[in-house]
Amino acid sequence: MHFPVIFTFLCTLATFHTASAIWCYRCTSATPGCGLYDFNWRGIGYLGEACPEDDDICMKVIERKGASETVIRDCYSSLRAIRTDIPADKYEGCRPAALDVRLGHYVNNSIRELDVHRTHFDSTTFCYCFLDHRCNSSPTISLSIAAIAGSTIMCLWHLLSFI
């Protein structure tokens with residue numbers, strides 16, 4: 001009887017719930033197609049991945065040592081537990097890494113390769129974006145808007161079929 005209307009309403013509610021988290025590309029420059037200048041979403045998946053938290057931020061970390069560059073694309077909530085040099089200002093744009101004076105402070109280590117003070121890279125830059133899905137260097141098409149538009153069209157079609 002009213003099953004299509006209820007089904008359309010439930011689909012719309014499910015769409016709003018899953019659309020609350022931002023979608024980001026999550027890869028490193030070791031992944032083919034995830035470099036700084038040769039970014040290609042075909043190598044890592046077009047949709048990217050949904051971030052674990054609702055109020056998350058997409059990040060791109062660029063680490064340079066001489067002529068070599070390492071790029072990390074990920075969500076802020078995934079990197080904040082392991083990176084101590086994330087700048088405090090997390091608004092849109094790029095910023096240099098913060099200096100952590102406590103990093104490796106009580107370590108007496110004679111093995112240079114362990115890099116307990118994180119001085120291997122000459123410069124580290126953090127880029128943030130949160131105003132659009134998959135904004136850490138990719139073209140954007142929002143899937144949630146397409147789902148909302150589709151469910152609205154289904155609702156209108158169903159209501160107009162009774163007239």
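The legends below describe close-up views of a predicted model.

**View 1. The five-stranded sheet and its order.** In this predicted model, five strands form an open sheet in the order E2-E5-E4-E7-E6, and their pairing is antiparallel. The edges of this sheet are strand E2 (27–28) and E6, each of which pairs on one side only. Strand E4 (residues 58–65) runs antiparallel to E7 and is joined to it by seven bridges, while E6 and E7 pair, also in the antiparallel sense, over four bridges.

**View 2. Strand E7 and its bridge partners.** Strand E7 (residues 123–129) is largely enclosed by the rest of the structure, because six of its seven residues are buried. Towards E4, the residue opposite Thr 124 of E7 is Glu 63. Two further positions in E7 can be followed in this view: Thr 125 is the bridge partner of Pro 96, and Tyr 128 stands opposite Gly 93.

**View 3. The largest nonpolar core.** Nine residues make up the largest nonpolar core, namely Ile 57, Met 59, Val 61, Ile 72, Tyr 76, Leu 79, Ile 86, Phe 126 and Tyr 128. At least two residues of this core come from each of E4, H2 and E7. Another core, of six residues, lies apart from it, and among its members are Cys 51, Cys 58, Cys 75 and Cys 129. In soluble globular proteins, nonpolar side chains tend to be buried together.

**View 4. The surroundings of Leu 79.** When residues up to four places away in sequence are not counted, Leu 79 touches Met 59, Val 61, Ile 72, Asp 74 and Ile 86. Of these partners, Met 59, Val 61, Ile 72 and Ile 86 belong, like Leu 79 itself, to the largest nonpolar core.

**View 5. The salt bridge between Arg 80 and Glu 53.** The structure holds eight salt bridges, and in one of them the side chains of Arg 80 and Glu 53 meet at 2.7 Å, N to O. This pair links distant parts of the chain, since Arg 80 lies in the loop between H2 and E6 and Glu 53 in the loop between strand E3 (49–50) and E4, 27 residues apart. Arg 80 counts as partly exposed because its relative accessibility is 39%, and Glu 53 likewise counts as partly exposed, at 29% relative accessibility.

**View 6. Salt bridges of Arg 64 and Lys 65.** The side chains of Arg 64 and Glu 69 meet in a salt bridge of 2.9 Å, N to O; Glu 69 is partly exposed at 30% relative accessibility, and Arg 64 is partly exposed at 25%. Lys 65 forms a salt bridge with Asp 122, in which the closest N and O atoms are 4.0 Å apart. Because Asp 122 lies in the loop between E6 and E7 and Lys 65 in strand E4, this pair ties together parts that are 57 residues apart in sequence. Asp 122 counts as exposed, with a relative accessibility of 56%, whereas Lys 65 is partly exposed, with a relative accessible area of 35%. Elsewhere, Arg 26, Glu 49 and Asp 74 are joined into one network by salt bridges that share partners.

**View 7. Thr 84 in its loop.** Thr 84 lies in the loop between helix H2 (76–79) and strand E6 (93–96), and its relative accessibility of 43% is why it counts as partly exposed. Not counting residues up to four places away in sequence, Thr 84 touches Asp 100 and Leu 103. The C-alpha atoms of Thr 84 and Arg 102 are separated by 9.5 Å, and the two residues are 18 residues apart along the chain.

Conventions
Residues are numbered from 1 along each chain as its sequence is written. This is a predicted model: local features need pLDDT of at least 70, side-chain atom pairs count only at pLDDT 80 or more; totals for chains, interfaces and linings use all residues. Side-chain values use heavy atoms; hydrogens and water are left out. Buried means under 20% relative accessible area, exposed over 50%, partly exposed in between (1.4 Å probe, protein chains only). Contact means heavy atoms within 4.5 Å. Two strands pair if DSSP finds at least two bridges between them. A nonpolar core is a set of buried Ala, Val, Leu, Ile, Met, Phe, Trp, Tyr and Cys residues joined through side-chain atoms within 4.5 Å.
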